[in-house]
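The following paragraphs lead the reader through one structure, from its interior to a site at its surface. Please keep the sequence and the 3D view at hand while reading.

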Amino acid sequence: MTDTDLIFSNKKSQIKDFAFDEQVVEVFPDMISRSVPGYNTIINTIGSLSREYAQDNTNIYDLGCSLGAATLSMKRAIVAKNCSIIGIDNSPAMVERCKIHVNAFKGESVVEINEGNILETEILNASIVVLNFTLQFIEPEQRQALMQKIYDGLNPGGVLILSEKLAAPDSRCNELLIDLHHDFKRANGYSELEIAQKRTALENVMRPDSLETHHSRLATSGFNHVTQWFQCFNFMSLVAIK
């Protein structure tokens with residue numbers, strides 16, 4: 001049974017930067033389902049895309065795998081032969097719990113979960129790379145190099161699945177999307193205090209890009225075929241095909 005996210009329910013005298021620590025791990029499934037509109041749709045579609053695009057004898061990468069939701073979705077769905085799914089996360093608490101989740105489900109594909117820095121991870125012989133709400137936590141000046149490494153490591157016909165929170169370049173539109181997102185969180189039981197304190201905790205660690213910036217970065221890396229398949233408020237997912 002999933003623990004309820006109450007991390008920001010009491011007023012804090014000092015709000016620390018958000019971190020994927022043991023406290024967050026305990027409530028993460030509840031937190032993400034109540035905070036990210038369309039999350040289950042995105043996870044299920046990652047499985048559908050992996051069924052379509054996984055190639056025989058290749059590697060599948062889940063960069064910033066957290067508790068392994070995308071990894072498990074792909075493990076269940078992949079029909080290609082001799083695929084290895086490699087999940088990477090820099091949170092020891094996440095990696096420890098992810099291994100337990102992944103090992104509880106059987107599947108044809110071999111799964112390996114490692115603690116590490118995705119900026120230092122080699123991408124080799126890949127047919128799918130997933131960045132599911134991960135890039136926004138990477139330093140902005142390091143994002144282009146990561147995207148280039150992903151493109152270079154993908155085989156022809158391979159795909160990058162990129163899900164992110166967006167920052168609209170128009171300030172009024174951006175505030176509208178933020179307000180709609182906060183309404184979503186209120187409807188899921190979060191209080192004004194919880195919403196405000198979590199927003200403060202995330203300010204210094206999560207820096208979203210505009211959709212235009214994502215498209216420009218992908219084009220610079222070499223991706224010529226990019227489609228945005230999902231958006232709800234300021235959350236989106238796209239597929240880039242090499």
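**Contacts, cores and a pocket**

In this predicted model, I78 is a useful point of entry. Leaving aside residues up to four places away in sequence, I78 touches S50, A54, I60, C83, I85 and S109.

I78 also belongs to the largest nonpolar core, which has 40 residues. Within that core, the residues that touch the most other members are F18, I46, I60, M74, I78 and I128. I60 thus appears both among these residues and among the contacts of I78. Two or more core residues come from each of the helices α1 (22-35), α2 (39-53), α3 (69-77), α4 (92-103) and α7 (192-202), and likewise from each of the strands β4 (126-132), β5 (154-165) and β7 (235-241). Helix α1 gives the largest share, with six residues. A second core, separate from this one, comprises 24 residues, among them I118, A126, V129 and Y151.

The strands may be considered next. β2 (residues 84-89) pairs with β3 (residues 110-115) in the parallel sense, over six bridges. In this pairing, I88 stands opposite N114 of β3. Together with α4, the strands β2 and β3 make a right-handed β-α-β unit.

Finally, the second largest pocket has a volume of about 280 Å³. Its lining consists of 16 residues, of which P29, Y39, L67, G68 and A69 are the closest to its centre. Helices α1, α2 and α3 each supply at least two residues of this lining. These three helices are also among the elements that give two or more residues to the largest nonpolar core.

Key: Residues numbered from 1 in each chain as written. Predicted model: local features only at pLDDT ≥ 70, side-chain atom pairs only at ≥ 80, totals over all residues. Heavy atoms only, no water. Core = buried A, V, L, I, M, F, W, Y, C linked by side-chain atoms within 4.5 Å. Buried < 20%, exposed > 50% of the residue type's maximum accessible area, 1.4 Å probe, protein only. Helix = DSSP H or I, 4+ residues; strand = E, 2+ residues; numbered from the N terminus. Contact = heavy atoms within 4.5 Å. Pairing = 2+ DSSP bridges. Right-handed = clockwise from strand over helix to strand, strands pointing away. 1 Å grid on protein atoms, 1.4 Å probe; cavity = no way out; pocket = protein on both sides within 12 Å on 5 of 7 lines; lining within 4 Å. Points joined across faces, edges and corners; volume = space filled by probe spheres on them.
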